[in-house]
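Please look through the sequence and the model below before reading on. The paragraphs that follow go from the overall fold to single residues.

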Amino acid sequence: APPAVASGIRVGTPSVTTQGMGVPEMEQIGDLIARAVLSSDAAVHRDVAADVHALVAKFPAYPRG
C-alpha cells in the first residue's frame, strides 16, 4: 500500500497525538480495543467499527487543507 494509506494496526500514542487526540480519546480507544477483542459477536464488531469511523472522522490522519 502507498505510505499515505493505513494498512496495519498501530498501538501507541504517537500517531493519535499527532492527529490531535488527547486523554479522552485514548480512553475511548482502549474501550474500543477491549470491546473488539473480548467479543465474538458480529453485531458488537459492527458497532465498534462504526465508533472507530466516527472517531477517526473527527481526527483525520491525513487532513486535507
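What pattern does the chain follow when read along the sequence? The pattern is α-α-α. This is a predicted model, and its chain has three helices and zero strands. Two of the helices come up repeatedly below: helix α2, which covers residues 23-38, and helix α3, which covers residues 42-58.

Some totals describe the chain as a whole. Of its 65 residues, 14% are buried. The chain exposes about 5000 Å², and carbon and sulfur atoms supply 61% of that area. Among the contacts in the chain with a separation of 6 or more, 40% are between residues 24 or more positions apart.

The interior comes next. Which residues make up the largest nonpolar core? This core has six residues in all: Val 16, Met 21, Leu 32, Val 48, Leu 55 and Phe 59.

Val 48 is a useful member of that core to follow. Val 48 lies in helix α3. With a relative accessible area of 7%, Val 48 is buried, because buried means under 20% relative accessible area. Leaving aside residues up to four places away in sequence, Val 48 touches Leu 32, Arg 35 and Ala 36. One of these, Leu 32, is also listed in the largest nonpolar core. Another, Ala 36, is twelve residues from Val 48 in sequence, and the C-alpha atoms of the two are 6.6 Å apart in space.

Arg 35, also touched by Val 48, leads on to the charged side chains. How many salt bridges does the structure hold? There are two. In one of them, Arg 35 pairs with Asp 31, and the closest N and O atoms are 3.5 Å apart. Both residues of this pair, Asp 31 and Arg 35, lie in helix α2, where a spacing of four residues is about one turn of the helix.

In the other salt bridge, the side chain of Arg 35 meets that of Asp 51, at 3.0 Å from N to O. This pair links distant parts of the chain, since Arg 35 is in helix α2 and Asp 51 is in helix α3, 16 residues apart. Through shared partners, the salt bridges join Asp 31, Arg 35 and Asp 51 into one network.

Are the residues of this network buried, exposed or partly exposed? Asp 31 has 39% relative accessibility and so counts as partly exposed. Arg 35 is partly exposed at a relative accessible area of 26%, and Asp 51 is partly exposed at 30%. These values fall in the partly exposed class because that class lies between the limits of under 20% for buried and over 50% for exposed.

The last stop is on the surface. Which residues make a nonpolar surface patch of about 340 Å²? The patch is made by Ile 33, Val 37 and Leu 38. Ile 33 has its place in helix α2, the helix that also holds Asp 31 and Arg 35. At 43% relative accessibility, Ile 33 counts as partly exposed, whereas Val 48 in the core is buried at 7%.

Methods:
Residues are numbered from 1 along each chain as its sequence is written. This is a predicted model: local features need pLDDT of at least 70, side-chain atom pairs count only at pLDDT 80 or more; totals for chains, interfaces and linings use all residues. Side-chain values use heavy atoms; hydrogens and water are left out. A nonpolar core is a set of buried Ala, Val, Leu, Ile, Met, Phe, Trp, Tyr and Cys residues joined through side-chain atoms within 4.5 Å. Buried means under 20% relative accessible area, exposed over 50%, partly exposed in between (1.4 Å probe, protein chains only). Contact means heavy atoms within 4.5 Å. Patches are made of residues with over 30% relative accessible area and no salt bridge: like charges are joined within 9 Å, nonpolar side chains (Val, Leu, Ile, Met, Phe, Trp, Tyr) within 5 Å. Accessible areas come from the Shrake-Rupley method with a 1.4 Å probe; for residues, only the protein chains shown count as cover. A salt bridge is a side-chain nitrogen of Lys or Arg within 4 Å of a carboxyl oxygen of Asp or Glu.
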